[in-house]
Amino acid sequence: MTLTLHHAPDFASTIVRLALEELGLPHTIAMTDIEGGALASPEYRQVNPVGLIPALETDDGPMFETGAILLWLVDRTGQLGPGPQDPDRAAFLSWLFFTSNALHTAALALFYPHRPAGEANTDAARAAAHDQIIARLGLIEALIAARHPRWLSAEQPGVLGYYIGILVRWLILLPPAPYGLDLAGFPNLRAVLAAHEARPAALRVAKADGLGPTPFTDPRV
């Protein structure tokens, strides 16, 4: 399997890099100069026509969208999440797409409230996004507490743990006061993320990308 990840540190491509490292899959990192306009280049648009990262070049052709890449990796390797014949597959898919479509989207609205609401309505949009994030993280906290799913646990790594970990990192670091996330209200989720960030694969990526030793639970810039 030949894999090339188009990557910029501490962007969504880090989620995919964590999964690749955890899986032990040989891959090439193609550093992407976002500030230099690389995403708009004709060459990059051949890989990802949307002009965003991540993008993963595979033997099956190029892929984009974080959730799609993670699901493809799970299905190709049989690791880091339930496969198609696993009884847990339905729940895993539901929460993976919830993370991509609901949590990630709300995080972007918190970071860039002018995009959905316009410059005149950024305060209201940011407050609404913050409330959505707290509610949605509360659902994930309740899931872990009640069901202890093996695909989102402290006992074994998973793509969903890494995806949520990077989102939580950003939610702690990026929003202006008083909207930064406090993980104290989500102890079960915090335990899952602490286990993920302590794994050798995560430590290697954190060192390479300059994320610090506790990138999910106590992030530093």
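**Exercise 1. Is Glu65 buried, partly exposed or exposed?**

Welcome! Before starting, keep in mind that this is a predicted model.

*Solution.*
- Step 1: Find the residue. Glu65 is in the loop that runs between strand S4 (61–64) and helix H3 (66–77).
- Step 2: Look at the backbone. Although Glu65 is not a glycine, its phi is positive, about 80 degrees. As background, most residues other than glycine have a negative phi.
- Step 3: Judge the accessibility. The relative accessibility of Glu65 is 46%, so the residue counts as partly exposed. The range for that class lies between the buried limit of under 20% and the exposed limit of over 50%.

**Exercise 2. Now try His148: find its loop, its phi and its accessibility class.**

*Solution.*
- Step 1: His148 belongs to the loop between helix H6 (122–147) and H7.
- Step 2: The phi of His148 is positive, about 45 degrees, and this residue is not a glycine.
- Step 3: His148 has a relative accessible area of 58%, so it is exposed.

**Exercise 3. Track down two cis peptide bonds and place the proline of each.**

*Solution.*
- Step 1: Recall the background: most peptide bonds are trans.
- Step 2: Go to Ile53 and Pro54, which are joined by a cis peptide bond with an omega of about 10 degrees. Pro54 sits in the loop between helix H2 (42–47) and strand S3 (55–58).
- Step 3: Move along to Ala177 and Pro178. A cis peptide bond links these residues too, with omega about 5 degrees. Here the loop holding Pro178 runs between helix H7 (159–173) and helix H8 (187–197).

**Exercise 4. How many aromatic pairs does a search of the whole structure find, and how are the rings of Trp95 and Phe98 arranged?**

*Solution.*
- Step 1: The search finds four aromatic pairs.
- Step 2: For Trp95 and Phe98, the ring centres are 5.2 Å apart and the planes stand at 70 degrees, so this pair is edge-to-face. The angle needed for that label is over 60 degrees.
- Step 3: Place the pair in the fold. Trp95 and Phe98 both belong to helix H4 (residues 89–111), where they are three residues apart, about one turn of the helix.
- Step 4: Check Trp95 for burial. Its relative accessibility is 19%, so Trp95 counts as buried.

**Exercise 5. Describe the pair formed by Tyr162 and Phe216, and say what it ties together.**

*Solution.*
- Step 1: The ring centres of Tyr162 and Phe216 are 6.3 Å apart and the planes are at 65 degrees, so the pair is edge-to-face.
- Step 2: Tyr162 lies in helix H7, while Phe216 lies in the segment after helix H9 (200–209), so the pair ties together parts that are 54 residues apart in sequence.
- Step 3: Tyr162 counts as buried at 0% relative accessibility. Phe216 is likewise buried, with a relative accessible area of 0%.

**Exercise 6. Follow helix H4 from end to end: what is its span, and where does it bend?**

*Solution.*
- Step 1: H4 has 23 residues, and from its first C-alpha to its last it reaches 31 Å.
- Step 2: Compare with expectation. At 1.5 Å a residue, 33 Å is expected, and the span of H4 is close to that.
- Step 3: Look for a bend. At Thr99, H4 bends by about 35 degrees.

**Exercise 7. Explore the largest pocket and name the element that gives the largest share of its lining.**

*Solution.*
- Step 1: The volume of the largest pocket is about 760 Å³.
- Step 2: Its lining has 27 residues, and those nearest the centre are Ala12, Leu52, Ile53, His104 and Leu108.
- Step 3: H3, H4 and H7 are the elements that give two or more residues to this lining. The largest share is from H4, with six residues.
- Step 4: Link back to Exercise 3: Ile53, one of the residues nearest the pocket centre, is joined to Pro54 by a cis peptide bond.

**Exercise 8. How many cavities of 30 Å³ or more does the structure hold?**

*Solution.*
- Step 1: The structure holds one such cavity.
- Step 2: The largest cavity has a volume of about 40 Å³.
- Step 3: Residues lining the largest cavity include Leu110, His130, Leu171 and Tyr179.
- Step 4: H6 gives the largest share of the cavity lining, three residues.

Note on methods
Residues numbered from 1 in each chain as written. Predicted model: local features only at pLDDT ≥ 70, side-chain atom pairs only at ≥ 80, totals over all residues. Heavy atoms only, no water. Helix = DSSP H or I, 4+ residues; strand = E, 2+ residues; numbered from the N terminus. Buried < 20%, exposed > 50% of the residue type's maximum accessible area, 1.4 Å probe, protein only. Phe/Tyr/Trp six-rings, centres within 6.5 Å; stacked < 30°, edge-to-face > 60°. Expected span 1.5 Å × (residues − 1). Bend = angle between axes of the 7 residues up to and from the residue. 1 Å grid on protein atoms, 1.4 Å probe; cavity = no way out; pocket = protein on both sides within 12 Å on 5 of 7 lines; lining within 4 Å. Points joined across faces, edges and corners; volume = space filled by probe spheres on them.
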